[in-house]
Each structure stands twice: as C-alpha cells, then as structure tokens.
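Please walk through the model below with attention to how its charged and aromatic side chains are placed.

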Amino acid sequence: SIFYMGCSGEEPFGNKEEIAGQMSLALQQKDMYCQKKLDRIDSIRNFLNVNEKRRTDEEKFQINANLYNEFKLYSFDSAFHYATQLCKIASSIDSAAYMVNAKTKLGYILARGGFFKEAIDSLSSIRIEKETLPAQVLADYYISFGRVYHDLADYAKDDVFSSKYNQIGNELLTESLSYLSDSSTIYYVRGKIALKDDKLAESKQLYRQALELCDMTDTETLSVLLSTLAFIDRRLELNDEAIYYYVKTAVNDIRSATKESVSMRGLATMLYYHKNDVNRASEYINEAFEDATFYGTRHRINVIGTLLPVFVGEKLDIEQVKRQTFQDSLILTSIFAIILIVAIIYILVQMKHLRRSRQLLE
C-alpha cells in the first residue's frame, strides 16, 4: 500500500472532503426538497380548483403557467400536459401574446423531452408580429427557439449538422437581444452566442458577469449559468474549477428538486476521468440516471446509459481486485500463522529437551 502511494502519479484531491460533505448533505435531504415541491404543486392545484368556473381565462392561464413552471424541470409528462392546457386556454382568450407565450412553452418542453423535431415544428408554426407583441414575449420566444437548436446541435454531435444548428441558434439568440432589458439575461445570451462560436474565454467572462447580476432565488437560471461555467472550465482543462461549479450546480438542482439536469452527470464524469474517484463517480452517475428516468428525458438517458456501464464496471473491477487482494492476504496470513504455530511448537519441544538435559546434568 505504501509502495503504491509513493509511485502513484495522481495529485492529492485537496477538496475531496468538502465535495463529499456538500453532496452527501444535499443527497440526504433530496426527498425532503422533492416533497416541498409536491406540496407547492398541491397548493397551486387546490387554488385552481377553488371557484374554477368563476375564474377568468386570464387567471386560469396564469395558474396553469405556475403549474407548468413547477413541472418544467421536474416531470416531462406533467409539464407537457400543462403546456397543452395553456395552448387551449390561449386559443379561447384570442390574444396573440397569450398564444405565442403558450406555444413557446410547448416548444421548449418538447425539446427538454428530446422531441426536437416536434419542438421546432411547434415554434416554427408561431406567427410573430413584432409590432404588436410585448418585448418579453418576443425575447422568450427567440431565446427558447435558439436553445432548441443549440440542444439539437449537442445531441447530433457531428461536423455536418451541428455547426448549422449552432448557427441558426445563434441567429435566434441575437434576435432576442433587442427585446431584452435585464442585464443578467443579456450577458447570458451574449455568452451563449460566444460559446457556440467557440470563443471560450469571452464566453466565460460574459457568464461570470451574468452570474454576478443573477437573481439567486431564480434557481433555474442559476443552474444554467453554473453548469455552463463548469462546461467551459472543462473545455479549458481547468478541472478543479469545473468540479467546483458542477458541485454548486448539483446542490442547487437538488435543493430546487430539478430532475432535468446535466450537473450530476458532469460531476461524475470529472471525478472519474480526472480524480480517479470511481466510487463517488458511480454514485453520482446512478443519481443522474434515476433523475433522467424520473423526468423522462430520452436523450439524457441515452447519454448516461453509455457512461453508466463504464463507471459501474470500473467499480466492480476495483471491488473484484479488493476481494482478490483480501483473499491473497488471508491465504498469506494463514501460511504465516501456520509457520508461527509450527515454530512455537518447535521452540516448546526444544525447551522441554533443554530442561531434561539440565536435569541430567544436575
């Protein structure tokens, strides 16, 4: 063991205990945070059901939008249900702003579930009248549409189509800038565009500015910014920084009961490939797989499914080596014990002979 530690080329994992402590505490409280979300959802549903017939369509739209937001990153099926409800309510309101808002939400959630073609079809079918629509509705539309193309590029991961999808996504995000007033969102959009243009240093600076101005109670935006900073640091080979941001994102996701996330998978990957921490990597990739399965994210499940056998297989190999080492040690210890017993018996016999010799001498 001493020889192995002396010959190992791995640098010590300086913040290992801090990472383990933060993640362990958050994971222990995971069920509690999920229950809090379910309690909020029940409260909103009860509020919707009380005097539902007396509520205006605008009020129903807002309450259903609140339920959609609660489910958006928690359960795909439920979020999709409320997105379709919003489209139905919007059609009865007969307002272009409400319809664009509802269809934007529907397109966004379709992409989260891995239905990229359906998401693009839904968003492309929206008739945009820039002169009459509110700036926030237009900004949300272009940002959501741009993110769909960026996610599709990440899913494709090839040299032919990905660059085309990223270009379209950047054009849509650029279109949103003229309708934005929030500084944090502007920095985020500009950072996203720079990232897809492979300008990593510029993108990192813009994301940091967005993070400084971000509303810390907006857990969804906070996770997006932190996880993207982790991804950029990973690309820049700043592994410790990347792990730091992945931990912060993962803790934030657990506390906000977010199931549709890449933070746990990213953290597991970093720990496995750069810190050789197979045990924690296996634990976190299992958590990521459970969350993706719960949410119903098809493309996330596929990606995690390729990593899970590698991490778990490595862990099993290590456990097998440990068991073999233990068996070898047990056999060696048994041999030494037998030799020791034989030696003790031999010494006792010799001592007995010595006593007889002394008696004869006397």
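In this predicted model, Arg55 lies over the face of Phe47, at a distance of 4.3 Å from the centre of the ring. A second arrangement of this kind involves Arg112, whose charged end sits over the ring of Tyr108, 4.9 Å from its centre.

Rings also meet other rings, and a search of the whole structure finds 17 aromatic pairs. One of them joins Phe76 and Phe80, which are stacked, with 5.9 Å from centre to centre and 25° between the planes. Because these two residues are four apart in helix α5 (residues 76-93), about one helical turn separates Phe76 from Phe80. Their surroundings can be read from the relative accessibility: Phe76, at 5%, counts as buried, whereas Phe80, at 32%, counts as partly exposed.

The pair of Phe116 and Tyr155 is tilted, with 5.5 Å from centre to centre and 40° between the planes. Since Phe116 lies in helix α7 (residues 116-124) and Tyr155 in helix α8 (residues 135-156), this pair ties together parts that are 39 residues apart in sequence. Phe116 is buried, its relative accessible area being 5%, while Tyr155, with a relative accessibility of 47%, counts as partly exposed. Beyond these individual pairs, ring pairs link Tyr141, Tyr142, Phe145, Tyr149, Phe161, Tyr165 and Tyr179 into a cluster.

We turn next to pairs of charged groups. Side chains of opposite charge can pair when their charged atoms come close. A search of the whole structure finds 19 salt bridges, and among them is the one in which the side chains of Glu70 and Arg40 meet, at 3.3 Å from N to O. Glu70 belongs to helix α4 (residues 57-71) and Arg40 to helix α3 (residues 30-49), so this salt bridge ties together parts that are 30 residues apart in sequence. Glu70 is buried, with a relative accessible area of 14%, but its partner Arg40 is partly exposed, with a relative accessible area of 39%.

Another salt bridge is formed by Asp154 and Lys196, whose closest N and O atoms are 3.2 Å apart. Because Asp154 lies in helix α8 and Lys196 in helix α10 (residues 183-196), the pair ties together parts that are 42 residues apart in sequence. Asp154 itself is partly exposed, at a relative accessible area of 39%.

Asp198 forms a salt bridge with Arg235, and here the closest N and O atoms are 2.4 Å apart. This pair links distant parts of the chain, with Asp198 in the loop between α10 and α11 (200-213) and Arg235 in helix α12 (residues 219-235), 37 residues apart. Both ends are partly exposed, Asp198 at 49% relative accessibility and Arg235 with a relative accessible area of 39%. The backbone of Asp198 also deserves a look, for its phi is near 65°, a positive value in a residue other than glycine. Asn276 likewise has a positive phi, in this case near 55°, and is a residue other than glycine. Asn276 is placed in the loop between α14 (263-274) and α15 (278-295), where it is partly exposed, with a relative accessible area of 45%.

Salt bridges can also be joined to one another, and Lys30, Lys259, Glu287 and Asp291 are linked in a network of them.

What, then, is the nearest side chain of opposite charge to Lys105, a residue that is buried yet has no salt bridge? That side chain is Asp140, which is 5.8 Å away, and because a salt bridge requires the nitrogen to be within 4 Å of a carboxyl oxygen, the two do not form one. Lys105 has its place in helix α6 (residues 96-112), and, leaving aside neighbours within four places in sequence, Lys105 is in contact with Ala65, Tyr68, Asn69, Ala83 and Leu86.

The cysteines remain to be considered. The structure holds zero disulfides. Cys34 counts as buried, because its relative accessibility of 10% is under the 20% limit, and Cys87, with a relative accessible area of 15%, is buried as well.

Methods
Residues are numbered from 1 along each chain as its sequence is written. This is a predicted model: local features need pLDDT of at least 70, side-chain atom pairs count only at pLDDT 80 or more; totals for chains, interfaces and linings use all residues. Side-chain values use heavy atoms; hydrogens and water are left out. Buried means under 20% relative accessible area, exposed over 50%, partly exposed in between (1.4 Å probe, protein chains only). Lys and Arg count as positive and Asp and Glu as negative; His and the chain ends are not counted. Contact means heavy atoms within 4.5 Å. A disulfide is a pair of cysteine sulfur atoms within 2.5 Å. Rings of Phe, Tyr and Trp (its six-membered ring) pair if their centres lie within 6.5 Å; planes under 30 degrees apart count as stacked, over 60 as edge-to-face and the rest as tilted. A charge sits over a ring if NZ of Lys or CZ of Arg is within 6 Å of the ring centre and within 35 degrees of the ring normal.
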